[in-house]
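Colleague: I've got the model open at the bench and would like to talk through the fold. Can you take me around?

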Amino acid sequence: MKKLISLVLAMAMVWSITASLAETIKVEESIPQLDVEVTLPDGAKTELQRGDDWTWLRITLDGHTPVMDLTVAPGEEYEEKSLKDLTEDEKQALVAVLSENAEKPTYVFIDLPDGNQLLVVEEDTEQNDFAVMETIYDGNFICLYARYEDFNKLTADDLAVMYEIMQSLVITPVEAK
């Protein structure tokens, strides 16, 4: 919970630190109804895989940093809804799915400047340390998952980088092009 509070405080600082973002990558163009672009920190290395209706982007940063996986996939459960449109029961069901492998998960919903919401789920135990940031846009799941391969603890700075990446998302409905 302390890291989540630190994350919320760090987010205010992150909004002013956009100079460190350098590379914009088109993550998704195979989902018919939207395009997704993301701006990554300077020096980020990526591996991109696309399926019929999903995209997976592995993000590796220089130095001792967590591995991050960004996925974009349509969801039948919430057709044409965004995270902000879900009922409280639907939001709690989403939290349950994202934290099903966690012993003591913490979570918070954050209101985004575009009016949508971001769900942050974090696990911080000796056996498990990960964070997931997910939003839903027009029925499509956009999820960033982070963990250290050597099982080190995620830091508030790691969470701030994740948030910065999720804040950089540019989602364009195909009809609006």
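Colleague: Why is strand β2 largely enclosed by the rest of the structure?

Modeller: Keep in mind this is a predicted model. Strand β2 covers residues 34–41, and a residue is called buried when its relative accessible area is under 20%. By that cut-off β2 is largely enclosed because the buried ones among its 8 residues number 7.

Colleague: And which residue in β10 does Val36 stand opposite?

Modeller: β2 and strand β10 (residues 170–173) run antiparallel and are joined by 4 bridges. In that pairing, the residue of β10 facing Val36 is Ile171.

Colleague: Let's do the sheet. Which strands stand at its edges?

Modeller: The open sheet has 7 strands, in the order β3-β4-β5-β9-β8-β7-β6, with antiparallel pairing. From one strand to the next, the twist averages 15°. Two strands have a single partner each, so one side of each is left without a neighbour in the sheet. Those are β3 (45–50) and β6.

Colleague: β6 and β7 form a hairpin, right? Which residue in the turn has a positive phi?

Modeller: Strand β6 (residues 106–111) pairs with strand β7 (residues 117–124) over 6 bridges, in the antiparallel sense. Along the pair, Thr106 stands opposite Glu122, and Val108 has Val120 as its bridge partner. The hairpin has 5 residues between the two strands, and the one with a positive phi, about 95°, is Gly115.

Colleague: What does α3 pack on, and what angle does its direction make with that of β8?

Modeller: α3 packs on the sheet, where it touches β4, β5, β6, β7, β8 and β9. Its direction and that of β8 make an angle of about 15°.

Colleague: Now the inside. Which element gives the most to the largest nonpolar core?

Modeller: That core has 28 residues, and Ile59, Met68, Leu70, Leu118, Leu144, Met162 and Met166 have the most contacts inside it. Two or more residues come from each of β2, β4 (55–60), β5 (67–74), β7, β8 (129–137), β9 (140–147) and α3 (156–167). With 5 residues, the element that gives the most is α3.

Colleague: How many residues does the other core have?

Modeller: This one lies apart from the largest core, and its members include Leu94, Leu119, Phe130 and Val132. Its residue count is 14.

Colleague: Last one: which residues is Met68 in contact with, leaving aside its neighbours within four places in sequence?

Modeller: Contact here takes heavy atoms within 4.5 Å. On that basis Met68 reaches Leu57, Arg58, Ile59, Leu61, Leu144, Tyr145, Ala146, Asp158, Val161, Met162 and Ile165.

Key
Residues numbered from 1 in each chain as written. Predicted model: local features only at pLDDT ≥ 70, side-chain atom pairs only at ≥ 80, totals over all residues. Heavy atoms only, no water. Pairing = 2+ DSSP bridges. Buried < 20%, exposed > 50% of the residue type's maximum accessible area, 1.4 Å probe, protein only. Core = buried A, V, L, I, M, F, W, Y, C linked by side-chain atoms within 4.5 Å. Axes fitted to C-alpha atoms, helices over the stretch in contact; angles between N-to-C directions.
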